Amino acid sequence: MGEYPRGVEGIVVVSNRGPFRVSGTGARRKVVRAAGGLVTALLPVLRERGGTWVSAQETDHPLVVEQGDAEPFALAEVTIPRRVRDAFYGPFSNGVLWPLLHSMPATVPLGSAPWEAYDAANRAFADKALAAGGGEGLYWVHDYHLMRVPGMLRERAPGSRIGWFCHIPWPGPDLFSALPWRAEMIEGLLGSDVLGFHTEEYAEQFLACVRRLSDHPVRGDEIDVDGRRVRVVVAPIGVPWDELATIARSPEVERERSRIRQRIDHRAMILGVDRLDYTKGVPARLAAWGRLLARRPTLRERAVLVQVMVPSREAVKAYRDLKNEVDRLVGDINGRYSLTGRVPIHYFYRSMNPTELYAHYRAADVGFVTPLRDGMNLVAHEYCASRVEEDGALVLSEFAGAAHYLRDALIVNPHDVIATADALETALRMPRMDQREHMMALRKQVAALDVHKWAAGYLGRLEG
Ligand code: GDG
C-alpha cells in the first residue's frame with residue numbers, strides 16, 4: 001500500500017461502465033463486481049486513493065455507494081435520457097468508433113451516426129464528474145466512449161489535471177480521417193494534460209492524426225495547445241500479478257483444475273477466452289484448429305480446444321451474426337472430427353466465475369489468443385500469470401497490443417490460417433524443458449507490466 005503518488009486528495013475516474021453491476025431482482029438483488037479489463041485495473045487505484053468513480057447508470061435505480069461505506073470511494077452514476085444513452089452507446093460508440101479504432105471500417109455506418117447523442121452523453125458525464133470533483137481537481141477519463149469529456153472539463157475547470165487513457169487501438173490518420181467529427185474528437189482529447197496509449201504504434205498514430213487534423217504544433221511526444229503542453233505517453237496496462245498468483249494457487253482453483261483435467265481425460269488442452277466480438281478473431285482461430293485436425297488425425301484422439309465466449313453487445317446485429325457464425329463453425333468442426341467420446345471443441349457461450357476461469361488457465365497446455373486487433377488483451381497476461389508451475393505455451397496474435405511486450409510468445413498473423421495452425425502444432429509439441437524457458441521468459445514480461453505499476457506510473461505523469 002501507499003505506492004500511488006499523492007497529489008490532491010482523491011481522484012475522479014470517469015468511464016462508461018462502473019466497477020459494480022446489479023445481479024438478480026427483488027430479494028436476490030445484489031451488487032457484484034463487474035468483469036473486464038478496466039475494472040481489474042482501476043478498482044485497486046480507487047481503493048487506495050479514494051475519490052469518486054463516475055459511470056453511466058445501467059439500471060432504473062441509481063447505484064449509490066457513499067465514500068466510507070462498503071468501499072473507501074464514492075460511486076456517482078450519470079443519468080442520461082434513454083434515447084440519448086441508447087444512441088450514444090450502441091450506434092455511435094460500438095457501431096462507429098469501435099470498428100473504426102480497431103481498423104475494421106468496412107461496416108462503419110458513418111452517414112447515419114448519431115453524433116448529437118454522443119456529444120450530449122459526454123456532456124452529462126462531464127457535468128457529473130465536475131460535481132463529484134468539486135470543480136478543479138484530478139480527473140482520469142477512460143476510453144473511446146468519452147473522447148469529448150477532457151475538453152469539456154478543461155473549459156469549465158481549466159486548472160485541473162486531466163488524463164485520458166485509450167484502452168483500444170488508435171488507427172492511422174487515413175482511417176481516422178473518415179470520421180466526420182474527427183476535428184471535434186481531437187479537440188476534445190486535447191483538453192487533457194496526458195493522453196495514454198498501450199503501445200508506441202498507437203501513440204505515433206495518434207500524433208500523426210493531430211498533425212494532419214489540427215493546427216497545434218507537435219514536438220516529439222508533446223502537443224502545444226495554445227501554450228498548454230499535452231503529453232502523449234505509452235503506458236501499457238497489465239494485470240495484478242501477485243493477486244493472480246494467489247488465485248491461481250488457491251485450493252478451489254487447484255481442485256477445479258484437477259476436475260477439468262480428469263474430465264478431458266488428460267488430453268492436451270488448448271484454451272481460448274474472449275468476449276463475443278469480431279475483433280477477437282474466433283472464426284479464424286477455429287479454422288486454424290480445423291486445419292490442424294485435418295492434417296494430424298491423431299490429434300482428434302489427443303487434444304481438445306476449450307473455447308469460452310462471453311456474451312456481449314447482443315443488441316448489435318454484427319454481434320448476433322458473429323454468434324451464428326461461431327455456432328456453425330463449431331458444429332462443422334465437431335461434426336467432421338469427433339470420435340466417440342472425443343469432441344474436438346468444447347464451446348462455452350457464457351461467462352465463467354473467477355475460480356472456473358483460473359482453473360481453465362491452469363489446466364490448459366496452450367493459451368490460444370489470436371485477435372485480429374486488440375488494444376492490449378489481458379487474457380494473454382492472465383494465462384501466463386496463472387502458469388505458476390512455469391509450463392505451457394502461448395500462441396499470440398501480432399495484432400494484439402500484448403505482442404509488443406510478450407515477445408517470447410509464439411507470435412502469429414491470425415489472418416494466416418495455415419501459419420496459425422503451424423504455431424499451434426509447435427505449441428502442442430513443445431518439450432517440457434522448452435516450455436519452461438518459454439514460460440519463464442513470458443512471466444517476466446507479464447510481471448513487468450503489473451497493473452499497479454501502470455496506474456502509479458500514469459498518475460505520476462499526470463500529477464508531475
Ligand atoms: C479492453 C480492450 C484491453 C473474460 N471472460 C471472463 C472474464 N473475462 C475477463 C478476463 C479479462 C477481461 O475479461 C478481458 O480483458 P481484455 O483485455 O481481453 O478485453 P476487453 O474487455 O475488450 O478490454 C483490451 C483492456 O480494455 C484493458 O485496457 O486489454 O484490448 O479491448 O480480465 O479475465 N472474467 C470472468 N469470467 C469470464 O468468463 N470472471
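This is a short talk on the overall build of one protein chain and on two of its cysteines.

Keep in mind that the model is predicted. Start with the secondary structure. The protein chain has 17 helices and 17 strands.

Now the overall dimensions. The C-alpha trace spans about 65 × 45 × 45 Å along its principal axes. Does the radius of gyration suit a globule, or speak against one? A compact globule of 464 residues would have a radius of gyration near 23 Å, and the protein chain comes in at 22 Å, so the two agree.

Next, the packing. Of the 464 residues, 58% are buried. Take the contacts with a separation of 6 or more: 74% of them link residues 24 or more positions apart.

On to the surface. The protein chain exposes about 19100 Å². Carbon and sulfur atoms supply 50% of that area.

Then charge. There are 59 positive side chains and 58 negative ones. The centres of the two sets lie 5 Å apart.

Last, the cysteines. How many disulfides does a search of the whole structure find? The count is 0. Take Cys166. Its closest cysteine sulfur belongs to Cys209, and that sulfur is 11 Å away, too far for a bond. A disulfide would need the two sulfur atoms within 2.5 Å. Cys209 gives the matching picture: it is in no disulfide, and its nearest cysteine sulfur is that of Cys166.

Are these two cysteines buried or exposed? Cys166 has 0% relative accessibility, so it counts as buried. Cys209 is also at 0%, and therefore counts as buried. The cut-off here is under 20% relative accessible area.

Notes: Residues numbered from 1 in each chain as written. Predicted model: local features only at pLDDT ≥ 70, side-chain atom pairs only at ≥ 80, totals over all residues. Heavy atoms only, no water. Helix = DSSP H or I, 4+ residues; strand = E, 2+ residues; numbered from the N terminus. Rg over C-alpha atoms; globule rule 2.2 N^0.38 Å. Buried < 20%, exposed > 50% of the residue type's maximum accessible area, 1.4 Å probe, protein only. Contact = heavy atoms within 4.5 Å. Areas by Shrake-Rupley, 256 points an atom, 1.4 Å probe, with all protein chains shown as cover. Lys, Arg positive; Asp, Glu negative; His and termini not counted. Charge placed at Lys NZ, Arg CZ, Asp CG, Glu CD.
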